[in-house]
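Colleague: I would like to learn how to read a model of this kind. Please take the features one at a time, with the rule before the case.

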Amino acid sequence: MNLGPREAFLAVALIWFLVAAVGAIPFVVAGVGTIAHPVNAMFESMSGLTTTGATVLRDFSVHSRSVLMWRQVIQWLGGLGILILATAVLSEIGVGGAQLMESESQTQDVNKLTPKISQTARLIWGIYFGLTGLAIAVYFLLGLAVDPQMDLYNAVAHAFTSVATAGFSPEPLSVGVFHPLIQWAVVPFMVIGSTSFVLIYFAINGEPMRLLKNEEFHFYFGAMGTLASFVALPLFLDPSIAFGAEATVRHAVFNVASIVTTTGYASTDYVLWAPAAKHMLFAGMFVGGMVGSTTCSIKSLRWLVALKSFKRNLYTAVHPESVRPVRISGKSIDVAAIRDIYAYLLLSIVIVFLLTVVIVVDAERAGLRVTEFEALGAAATTFNNIGPAFGDAGPYGTFASFPLSTRAVMVVLMWIGRIEIIPVLVLFTKAFWTS
Amino acid sequence: MTSRVGWRASVGLTGDVLAALPVPLAFPLLVALYYGEPPLPFLAAIVVSLALGAAFRSV
């Protein structure tokens, strides 16, 4: 079966939508709680498959363990799907600068090792399965040692959604219900899940320096560390929050890692935090992990290229005669890729802004009170596939508080955001079908 | 107007993926059986995914 770029776009869009639709069937047939409604079931399934982690559940206790486990499985499946999509499809057809994975010697090197896409997929599957197994073992053993609530069921459920950087939990209080040691143990799995699996492959095979010297890796960790510091500071200074030193650092690190890696777990209800800390978390919603990982959002490589390109533009404004290519990890970036990245960034921000307007207007139509910040947070978290937002849609809240029409729009936006915008939008152009 | 998109290949690949969906659906099905919960939600999804998969592959 030969798939060109157009066929790949169509297949990617169809697969993501139809698998989410089939994934919604168990919720509707079970007929329990908010997710028995078809739109809510589709919301939950699309949120799962796109590894978003936003939920419309209100009462977790009414759902069977198998239905709650299906939410976890569909997220794990979505993480696996996006890895294959990112490494084998998007990089080949160059969506929004995804071709930079080649200039970063990532896809290129994997393809040298495994010339067929099926082999590349198997390689990625192996790492993904291995990490999931390791997470199950770590969580279960820690559960045995410090917290009986982390039983085998919860260990499997949370391993599925931490390696997939997805964020669903069968527990209404998310990871916050577990012992602090378990919360610390979840952080590395979220971070590994948002690190390039190709570079992880090289690190496992005795070449850790390829990962450690990678510029995107430095940028990503730098951004995460900076945001965690800026979140911890207002928490230390806020007299109404008496966490203590360890808990303050843990909650800052955990929740920043959760947002930046686009996982969406929570260790506490950060809706109650000071506005400065919440705004830092909001900023973190636009960072994203590394390309070639299970992460969503804009992704660190795009920001790195955009920032370097902007710096280059400032230099050439003063020295117009100079020629300064943008380089990442020593390799110059093609001008067309930089243009694609600018377009992707602009499109992402415009879509988040438009969705914000839809949320506010639709809430007002339905007689609900949603502040601009809450609407911005909900728009960013659904389109960037992160999970919880602020206000009623916070980490211990539910998206069921939004009108049904808003939730339907969010379903579409989660779908578009997960497969990097272009594969869906291009289907609505005449040129795609005819020229 | 003739379409320039080989949509049959895209639909066929979608069918392959849908036909494989019963594999992950088997996991919550086993969890349901283990905890003595109704397996119908997952059996229904398996039947639909197999039917859709077969239909898409035959295009």
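Colleague: How many helices and strands does chain B have?

Modeller: Helices (H or I, at least four residues) and strands (E, at least two) are DSSP runs, numbered from the N terminus. Chain B has 3 helices and 0 strands, in the order α-α-α along the sequence. This is a predicted model, where local features need pLDDT of at least 70, side-chain atom pairs count only at pLDDT 80 or more, and totals for chains, interfaces and linings use all residues. Residues are numbered from 1 along each chain as its sequence is written, chains are lettered from A and ligands numbered from 1 in the order in which they are written, and side-chain values use heavy atoms, with hydrogens and water left out.

Colleague: What is the radius of gyration of chain B, set against a compact globule?

Modeller: The radius of gyration is taken over C-alpha atoms, and the globule rule is 2.2 Å times the number of residues to the power 0.38. For 59 residues a compact globule would come near 10 Å, but chain B has 15 Å. Along the principal axes, the C-alpha atoms of chain B fill a box of roughly 55 × 15 × 15 Å.

Colleague: What share of chain B is buried?

Modeller: Buried means under 20% relative accessible area, exposed over 50%, and partly exposed in between (1.4 Å probe, protein chains only). In chain B, 41% of the 59 residues are buried.

Colleague: Is A:Leu131 buried or exposed?

Modeller: A:Leu131 sits in helix H6 (residues 117-146) of chain A and counts as buried because its relative accessible area is 11%. Contact means heavy atoms within 4.5 Å. Neighbours within four places in sequence aside, A:Leu131 touches A:Val163, A:Phe189, A:Ile192 and A:Phe197.

Colleague: And where does A:Arg324 lie?

Modeller: A:Arg324 is in the loop between helix H14 (300-318) and strand S1 (327-328) of chain A. With a relative accessible area of 38%, A:Arg324 is partly exposed. Its contacts, again leaving aside neighbours within four places in sequence, are A:Arg312 and A:Tyr315.

Colleague: How is empty space inside a model found, and how many cavities of 30 Å³ or more are there?

Modeller: Rolling a probe the size of a water molecule over the atoms shows where empty space is left. On a 1 Å grid over the protein atoms alone, a cavity is a set of points where a 1.4 Å probe fits but cannot get out, and a pocket is an open set with protein on both sides within 12 Å along at least five of seven lines; lining residues have an atom within 4 Å of a point. Grid points are joined across faces, edges and corners, and a volume is the space filled by probe spheres set on the points. The whole structure has 2 cavities of 30 Å³ or more, and the second largest holds about 50 Å³. Its lining includes A:Lys299, A:Tyr344 and A:Glu420.

Colleague: What is the phi of A:Lys299?

Modeller: Most residues other than glycine have a negative phi. A:Lys299 has a positive phi of about 90°; this residue lies in the loop between helix H13 (275-284) and H14 of chain A and is buried, at 6% relative accessible area. For A:Glu420, phi is also positive, near 65°. A:Glu420 is in the loop between helix H17 (404-418) and helix H18 (422-425) of chain A, and its 5% relative accessibility makes it buried.
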